Amino acid sequence: SMFASISSTTTTVFPPTAYQHSRADPMSPRLSSALIVARRAAQGSQDFQVLLMQRSAKSKAFAAFHVFPGGIIDPEDSSPLWAPLLQSSLTTETILRLGAIRELYEEAGLLVNPKGPAPARALQRKVFETPSLFREIAAKHTDAPAAVASLKHVAQFITPTHEKHRFDTHFYAAPELVEDDATHDGDEAVSLTWKTPAEALRLCSRGEFALMPPQWYVLKKMSTYSTWAGFIASLPLHVGPMQPSFAVDDGTLILSLPGDEKHPEAGPIGARHRLTVTGFKGSFADPGLHITLQHAPAPKL
């Protein structure tokens, strides 16, 4: 499951296109995926709330942070046994989507494109222990090919090179609104909460909700849409990787993103695509932390 290391005894072979976590290079980022699901919001300026889970303080990574359900790609996500069920070959993209769908079930008990009666609650815990069980659940209780095809790619973030734990995380969104209740696994997730993106950002700015920069960025993008359908419709067909580069400017932390004048993949002078972080004392969980996003082309001369 999330952040559990892939067992060294596994013989699973990722397709040649897959981004592997090689033991020869412990610093290479590990492939992971996360799934954003939404339900209808009763009132407010946004008609949807998204599911966030608070990670256990015992977690190896991102302890106590609020994240979207997700985690490291498991060898089972690339099992050749998926191909007949999905009626398609297993590309890296498909494996990432399967990982996100499995983690959503493991951590929140929710299925994408469910059909027929819901699986017994006890199975959620069993999948956490034995990920291969998820294939049977997907075959029996979901329209698996439609579930995989339906996901929309939202963002791809790669952890900066100086960090100890590095991930290449693909964020997806499930277009269909969720109607069922989420139930946490009690292990990885301490609590599950539904919030509008605007609400989550407000709580973060008050120091009540710790968010890592990728989750903050995605929530910020979502907060500009009043409807879930509007957000889904806005997503581009192709999403490029974003690896923030860090700079400290006069006590302020600047995380520049591709296209920003300060990023290695720089845009023109004056172009802005960055997160500016004030009150940073070494952790994104610091109380008093304040994040802002600037995303604008270079000013016309």
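What share of the 301 residues of the protein chain counts as buried? The figure is 50%. This is a predicted model, and every value here is computed from it.

Begin with the overall make-up. The protein chain holds eight helices and 13 strands. Its exposed surface is about 14,300 Å². Carbon and sulfur atoms supply 55% of that area. Contacts tell how the chain folds back on itself. Take the contacts between residues at least 6 apart in sequence: 62% of them join residues at least 24 apart.

Now turn to a pair of helices. Two packed helices are described by the angle between their axes and the distance between the axes. Here the pair is H3, residues 122-129, and H4, residues 133-141. Their axes come within 8 Å. They cross at roughly 140 degrees. Are H3 and H4 antiparallel or oblique to each other? Roughly antiparallel would need an angle over 145 degrees. The crossing is roughly 140 degrees, so H3 and H4 are oblique to each other.

Which residues make this contact? From H3 come Leu-123, Lys-126 and Val-127. From H4 come Leu-133, Phe-134 and Ile-137. Five of the residues in the contact are nonpolar, none is polar and one is charged. The charged one is Lys-126, because Lys counts as charged.

Next, look at two loop residues and their backbone angles. Gln-87 sits in the loop between helix H1 (82-86) and helix H2 (92-108). Its phi is near 55 degrees. That is a positive value, in a residue other than glycine. Is Gln-87 buried or exposed? Its relative accessibility is 66%. Exposed means over 50%, so Gln-87 counts as exposed.

Asn-113 lies further along, in the loop between H2 and H3. Asn-113 is not a glycine either, yet its phi is positive, at about 50 degrees. Its relative accessibility is 23%. Buried would need a value under 20%, so Asn-113 counts as partly exposed.

Finish in a strand. Thr-252 belongs to strand S11, which covers residues 252-256. Thr-252 has a relative accessibility of 19%. That is under the 20% cut-off, so Thr-252 counts as buried. What does Thr-252 touch, leaving aside residues up to four places away in sequence? Its partners are Ala-247, Thr-276, Val-277 and Thr-278.

Key
Residues numbered from 1 in each chain as written. Predicted model: local features only at pLDDT ≥ 70, side-chain atom pairs only at ≥ 80, totals over all residues. Heavy atoms only, no water. Helix = DSSP H or I, 4+ residues; strand = E, 2+ residues; numbered from the N terminus. Buried < 20%, exposed > 50% of the residue type's maximum accessible area, 1.4 Å probe, protein only. Contact = heavy atoms within 4.5 Å. Areas by Shrake-Rupley, 256 points an atom, 1.4 Å probe, with all protein chains shown as cover. Axes fitted to C-alpha atoms, helices over the stretch in contact; angles between N-to-C directions. Parallel < 35°, antiparallel > 145°, perpendicular 65-115°, else oblique.
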